[in-house]
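Okay, thanks for coming, everyone. I've got a structure to walk you through today, so let's put it up on the screen.

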Amino acid sequence: MNVSLQDILSSHRTGRTAVMGVLNITPDSFSDGGKFFDAPSATARAAAMAADGADIIDIGAESTRSGSDRISASDQIDRLASAVAAGAGAGAVVSIDTTSSIVAAYALDQGASIINDISAGRDDPDIFALAAQRRCGLVLMHMLGDPATMQRDPRYDDVVAEVRDFLASRIAAAVAAGVAPEQIIVDPGIGFGKRLDHNLALLRGLGSLRELGRPILVGASRKRFIGEISGVKDASARQAGSVAAALYAAGGGATILRVHDVAATCQALAVWRSLANPPKSPA
């Protein structure tokens, strides 16, 4: 059953968990860089993820892995080609993973309905005005520093409290710029300026983020911390650990799971839901 944007934006109230499939149209993303870089491959991947059960397809044309360099808005648009329209045509809600209002506007014109901004509006404040005008979904993520520097020496006194307070401040900034609170999704930014202990604390502390009153997106898929725990160095071989992290996040209150392995996550969620919500016996 297709999920609407409104279903996603109200998921913190309904408990309906949405699976967001990752589509990186980049040569250098940490897990799948180069695999879907050309338009035919990207289009086929979007269709395959929708067929596997993805409710959302999150399309990004700029790598945000640790140490990555930024690229221009025009280069991002050139890379996007027909992928956004293909994702929308496959029946999924499409999200554009960018910090640029120019790229976001292009993607919205092509059929996207969510802006996923890892900078939470700090890179390009015009993204708030765009989101307000288009009434689209807007993901605000916590990141310490920027992709080039975020993993050099991340430090927190209380990572859960600091991330919650940051997200609260960015919600306030977005609302002050005209974005309706109902449009906003929050993301603690697993792996973005965090060490292993920070990531685990945030996953365990999702209940604190629920106090913000907005849907929580968690993107733990194939991240370094899973490799640190499991000893699996190859990011593409971390499927089992990624599914475990996704289910734990769902149990903690996350209602949007950003994943590379859509079919495996959907299967695991179906079993988890059945176990967590057994059918009622007839009276």
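I'll start with the sheet, move on to the helices that pack against it or against each other, and finish with a couple of single residues. One thing up front: this is a predicted model.

So, the sheet. What order do its strands come in? Reading across, it goes β6-β5-β4-β3-β2-β1-β8-β7. That's an open sheet of eight strands, and the pairing is parallel. At the edges you've got β6, residues 184–187, and β7, residues 217–218. Each of those two pairs on one side only.

Now let's look at β5, with β4 and β6 as its neighbours in that order. β4 covers residues 114–117 and β5 covers 137–141, and the two pair in the parallel sense over four bridges. If you want to find the register on your screen, look for isoleucine 114, which stands opposite glycine 137 in β5. Then take isoleucine 115: its bridge partner in β5 is leucine 138. Over towards β6, the pairing with β5 is again parallel, with four bridges. There, valine 139 has isoleucine 185 in β6 as its bridge partner.

Is β5 mostly covered or mostly open? Mostly covered: five of its five residues are buried. Gly137, Val139 and Met141 point one way from the strand, while Leu138 and Leu140 point the other way. Whichever way they point, all of them are buried.

Okay, what lies across these strands? Helix α7 lies across β4 and β5, and it runs at about 160° to β4. Put β4, α7 and β5 together and you get a right-handed β-α-β unit. Elsewhere in the sheet, helix α13, residues 262–276, lies across β1 (18–24) and β8 (256–259). That helix runs at about 170° to β1.

Back to α7, and on to its helix partner. For two packed helices, the description is the angle between their axes and the distance between the axes. Here the pair is α6, residues 101–109, and α7, residues 126–134: the angle is about 20°, and the axes are 9 Å apart. That makes α6 roughly parallel to α7, because angles under 35 degrees count that way.

Which residues of α6 and α7 meet? From α6 it's Ser101, Ala104, Ala105, Leu108 and Asp109, and from α7 it's Asp126, Ile127, Leu130 and Arg134. By class, this contact has five nonpolar residues, one polar and three charged.

Two single residues to finish. First up is alanine 73, in helix α4, which spans residues 73–80. Its relative accessibility is 18%, so alanine 73 counts as buried. Leaving out residues up to four places away in sequence, alanine 73 touches Ser100, Ile102 and Val103. Its C-alpha atom is 9.0 Å from that of threonine 98, and those two are 25 residues apart along the chain.

The other one is valine 175, in helix α8, residues 159–176. Is it buried, partly exposed or exposed? At 33% relative accessibility, valine 175 counts as partly exposed. With the same sequence neighbours left out, valine 175 touches Pro181 and Ile184. And from valine 175 to alanine 129, 46 residues apart along the chain, the C-alpha atoms are separated by 9.9 Å.

That's my tour, thanks for listening.

Note on methods: Residues are numbered from 1 along each chain as its sequence is written. This is a predicted model: local features need pLDDT of at least 70, side-chain atom pairs count only at pLDDT 80 or more; totals for chains, interfaces and linings use all residues. Side-chain values use heavy atoms; hydrogens and water are left out. Axes are lines fitted to C-alpha atoms, for helices over the stretch in contact, and angles run from 0 to 180 degrees between N-to-C directions. Angles under 35 degrees count as roughly parallel, over 145 as roughly antiparallel, 65 to 115 as roughly perpendicular and the rest as oblique. Contact means heavy atoms within 4.5 Å. Ala, Val, Leu, Ile, Met, Phe, Trp, Tyr, Cys and Pro count as nonpolar, Asp, Glu, Lys and Arg as charged, and the others, Gly among them, as polar. Two strands pair if DSSP finds at least two bridges between them. Buried means under 20% relative accessible area, exposed over 50%, partly exposed in between (1.4 Å probe, protein chains only). A crossover is right-handed if, with the strands pointing away from the viewer, the path from the first strand over the helix to the second runs clockwise.
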